[in-house]
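This report covers strand pairing, backbone geometry and ring contacts. The sequence and the structure are shown first.

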Amino acid sequence: MCWRPILNLRRHRNSGIPTLRVLLGQYKHAPGGPSARRPSRPARAGRRSIDDAAAQANACKGDILPATPEVLNDADIVVDALFGAGLSRALDGMASELVARIRQARIPCMAVDVPSGIHADTGEVLRIAPTAALTVTFFRKKPGHLLYPSRALCADVRVADIGIADDVL
């Protein structure tokens with residue numbers, strides 16, 4: 001079976017990287033680990049998330065291929081980790097082309113957080129989004145998992161425990 005993860009390596013806090021490593025058997029979250037810590041000063045939060053994402057990306061084993069629709073030609077499944085719950089604009093450029101290819105070829109998709117192209121707060125589909133057979137999200141379901149039209153694109157939603165305490169909300 002050939003599966004292709006599609007990640008946005010420039011995005012801060014890319015939860016797709018540790019998710020990918022879990023799928024590859026290269027990483028296991030330990031409660032109280034880096035993703036559960038809160039920075040002592042808000043100014044450090046951005047820097048820490050960039051460092052954590054970079055460390056996770058560097059620890060991944062395997063080739064990094066250019067993000068083009070052609071990279072999906074032999075894929076049996078796609079792990080969609082391009083954008084997550086913070087997306088508030090329509091996909092464009094190569095991201096839009098990748099999602100269009102997933103939809104056109106009907107490649108089964110697993111989404112990380114929400115399928116790319118969904119506004120997680122409103123359930124709005126921002127131009128185009130893949131249909132995910134499985135959506136893995138973190139901490140709590142988002143409104144976009146429950147509201148239409150995006151609810152139809154999220155399918156089976158599973159909430160993964162990544163060590164965020166309930167009192168954070």
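In which sense do strand S2 and S3 pair, and over how many bridges? In this predicted model, strand S2, residues 77-81, pairs with S3 in the parallel sense, and the pairing runs over 3 bridges. One contact in this pairing joins Val78 to Cys109, its bridge partner in S3. The connection between the two strands involves helix H3, residues 93-105: S2, H3 and S3 make a right-handed β-α-β unit.

S3 also pairs with S4, in the parallel sense and over 3 bridges. Here Ala111 has Thr135 in S4 as its bridge partner.

The side chains of S3 can be followed residue by residue. In a regular strand, side chains alternate between the two faces of the sheet. Cys109 and Ala111 point one way from S3, Met110 and Val112 point the other way, and all are buried. Cys109, the bridge partner of Val78, and Ala111, the bridge partner of Thr135, thus point one way from the strand.

The next topic is backbone geometry. Most residues other than glycine have a negative phi, and most peptide bonds are trans. The table lists two residues with a positive phi.

| Residue | Phi | Location |
|---|---|---|
| Asp113 | near 80° | loop between strand S3 (109-112) and strand S4 (134-138) |
| Phe139 | about 70° | loop between S4 and H4 |

Is Asp113 buried or exposed? Asp113 has a relative accessible area of 9% and is therefore buried, the limit being under 20%. Phe139 has a relative accessibility of 22% and so counts as partly exposed.

The peptide bond from Tyr148 to Pro149 is cis, and its omega is near 10°. Pro149 belongs to the loop between helix H4 (143-146) and helix H5 (151-154).

Ring contacts come last. How many aromatic pairs does a search of the whole structure find? The search finds 0 aromatic pairs. The ring of Phe139 does have a charged residue over its face: Arg140 lies there, at 4.7 Å from the ring centre. Phe139 thus appears twice in this report, once for its positive phi of about 70° and once for the position of Arg140 over its ring.

Technical notes: Residues numbered from 1 in each chain as written. Heavy atoms only, no water. Phe/Tyr/Trp six-rings, centres within 6.5 Å; stacked < 30°, edge-to-face > 60°. Lys NZ or Arg CZ within 6 Å of the ring centre and 35° of its normal. Helix = DSSP H or I, 4+ residues; strand = E, 2+ residues; numbered from the N terminus. Buried < 20%, exposed > 50% of the residue type's maximum accessible area, 1.4 Å probe, protein only. Pairing = 2+ DSSP bridges. Right-handed = clockwise from strand over helix to strand, strands pointing away.
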